[in-house]
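Work through the following exercises with the sequence and the model side by side, and try each task before reading its solution.

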Amino acid sequence: MPIWNPRAETMARAELEQLQLERLQAIGNRIWESVPFYRRRFEGLGLMPEHVRSLDDLRLLPFTVKEDLRTGYPYDLFAVPLREVVRIHGSSGTTGRPTVVGYTKNDLRHWRELVARVLSAGGMTKDDVVQIAFSYGLLTDAFGLHQGAEEIGASVIPVSAGRPEEQIGIMEDFRTTALVGTPSHALQIAEMLEKRGVARSRLHLRWGILGAEPWSEATRRKIESLLGISATDNYGISEVMGPGVSGECENRKRGLHINEDHFLCEVVDPESGEVLPPGETGELVITTLTKEALPIIRYRTGDLTALDPEPCGCGRTLVRMARISGRTDDMFVVGGVKVLPSQIEEVISGVEGLEPRYVVVVDRQDGADTVEVQVEVPGALLTGDVRHLLSTQELVRQRLEAALGLGVEVKLVEPRTIAPSEGRTQKIIDRRTSEGSDF
Amino acid sequence: MLVVRSAETYYGNIQALKGVSLHVNEGEIVALIGANGAGKTTTLRTISGMLAPRRGEIAFGGRSIVGLPPEAIVRAGISQVPEGRRLFTTLSVRDNLLLGAYHLSWREKRARVRGDLERICSLFPVLRERADQVSGTLSGGEQQMLAIGRALMSRPRLLLLDEPSLGLAPRAARTIFDAIPRFRGQGLTVLLVEQNARAALQIADRAYVLETGRAVMEGSAQELLSQREVQRAYLGRGYRQVWEDE
């Protein structure tokens, strides 16, 4: 698959690191000069911008968290006057106020280029007809991916998120070759196609460039086989730009290449904030290297991943991050073992006849932590014989215990007792913490 | 080709460079822009060895050149054209050029000086016409060409140009700026310091903006030209000298 900007994406590491240092120092100088919030933070730590003498000195700098952006709502963290801002986006305000992000002309130019890199890595070229199935609005996904596809020169259809039937209709009529959206929306579309018995030959679809939420390999396999496409993952977070931070290349199982000439990424222990070595899973922390309107230092994304600096067969020299395995808020610790919902999802999806619809209840009985995984049973399985149900339950238990390395109870529950796991459904119910707060 | 990492340079107790990092790739024209006192000339003088950085690294072609005397840095392939030209005004144009090869052995001189003079005179034909003239009688623009020609006599791979348009009439400045991109054809790389930011950005590939001893921006020349803060601070938005192209 083509490399959009070979100069930047295959740069020798020494050269790249020099560029990163220059840009990190420039950003440090700019925020110290123009963002009072950062100036105060620096002063509180007795820090001057020139104390950043190497990339390792990044860890001297303070973290930025979502709460800082909320406190500075709407424009306090901007580094340029509003008249130089040509675009304003916001993040969803599921909890509390939304956060606001701004872009200068140069920011938009970079954004287009970075998304073009990600889309190219996923297979897209100027010959593609691209259906954008993200909602156009305050969020960054639709506009970011739209502009990147235009930058490549593809034909872009701004369908927006909609009912699967509408997406399928346009897909057929407009001869769409690339679908851009969330994996759960792609899955809905794929399942609708299957249900309605639309022949795959009536579609021209080749690529699925999906992101904006964690998805399992099992979901990927299902989307790929139902739609007959190659589906790649991409990652972005609006606070640092939006889509365009990283994306998978043709060696998909090896992770997402980070656009390191624009983003400096670290993985830290979510609790201590210590930087973790490559390969260890922790919280992704991003520093923007080129943003003019809203430069952000060490932003705690809350997303869990691990970095892999090993060279990739595609020729890109950019470091890779593992697909997001969950949110720091979803991770829970039982008897010292860290557990991620994605691990549980992977096991359940691997069992014949089960869908990854589940809830985990963590509790404490007589001082010992207990884990109960409730899995929804599809109707088809319920009509079968009870022994089969019991053996399925036992199979899930054994595989979970092997995968997680701890004792687990499994309970199969009736269909539709658990809401479909789209977006931010709570999959983990931790009763230990609510008990603790009684004291 | 040239890599500077976190250079800190002082004049006595006054810190003029507060951790400047930059790089120049082979064949590039890179500009340093910024206000008076931002550290542009100090950066060039730190690279050419006239000033020693208290901290930081400078590597040329992969080898550290920190602490080398200026003449060793010239031999390594870096030549600086100082601000204000610094010619020997009572000597002829030809003798000034020959002085640029002062560090060569007699044998080296014999082997290459004639060809080098020819090459430089083809870049700046006026120097050939005035070869026997005393350099003090040249116009400002011609003196600047002579200063550049003299620096080229050492066959540098990297040319450091300090304010080449300073004090020149518009037409002369334009001749100089037109000539700089042609150096590329001679296998030359250029690091250029300029107060006239717009003119510099128009011929440069990339640029750094310096402010009070710190680099605050890095980017392609095109990007910086359209950066409104740069426009306001250094390009005198709306104001343009007559000889500058859009």
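**Exercise 1.** Find which residue of β9(B) is the bridge partner of Val30(B), and place that pair within its sheet.

*Solution.* The partner of Val30(B) in β9(B) is Arg206(B). The strands concerned are β3 (residues 29-34) and β9 (residues 206-211) of chain B, which run parallel and are joined by five bridges; strands are DSSP runs of E with at least two residues, numbered from the N terminus, and two of them pair if DSSP finds at least two bridges between them. Widening the view, both strands belong to an open sheet of six strands in chain B, ordered β6-β7-β8-β3-β9-β10, with mixed pairing. At its edges lie β6 (78-81) and β10 (214-220) of chain B, each pairing on one side only.

This is a predicted model, in which local features need pLDDT of at least 70 and side-chain atom pairs count only at pLDDT 80 or more, while totals for chains, interfaces and linings use all residues. Residues are numbered from 1 along each chain as its sequence is written, with chains lettered from A and ligands numbered from 1 in the order in which they are written.

**Exercise 2.** Determine how many residues each chain brings to the contact between chain A and chain B, and describe the side of chain A.

*Solution.* Chain A gives 16 residues and chain B gives 18, where contact requires C-beta atoms, placed from the backbone, within 7 Å. On the side of chain A, α2 (13-34) and α5 (105-121) each supply at least two residues, and the largest share, nine residues, comes from α2(A).

Terms used
Helix = DSSP H or I, 4+ residues; strand = E, 2+ residues; numbered from the N terminus. Contact = placed C-beta atoms within 7 Å.
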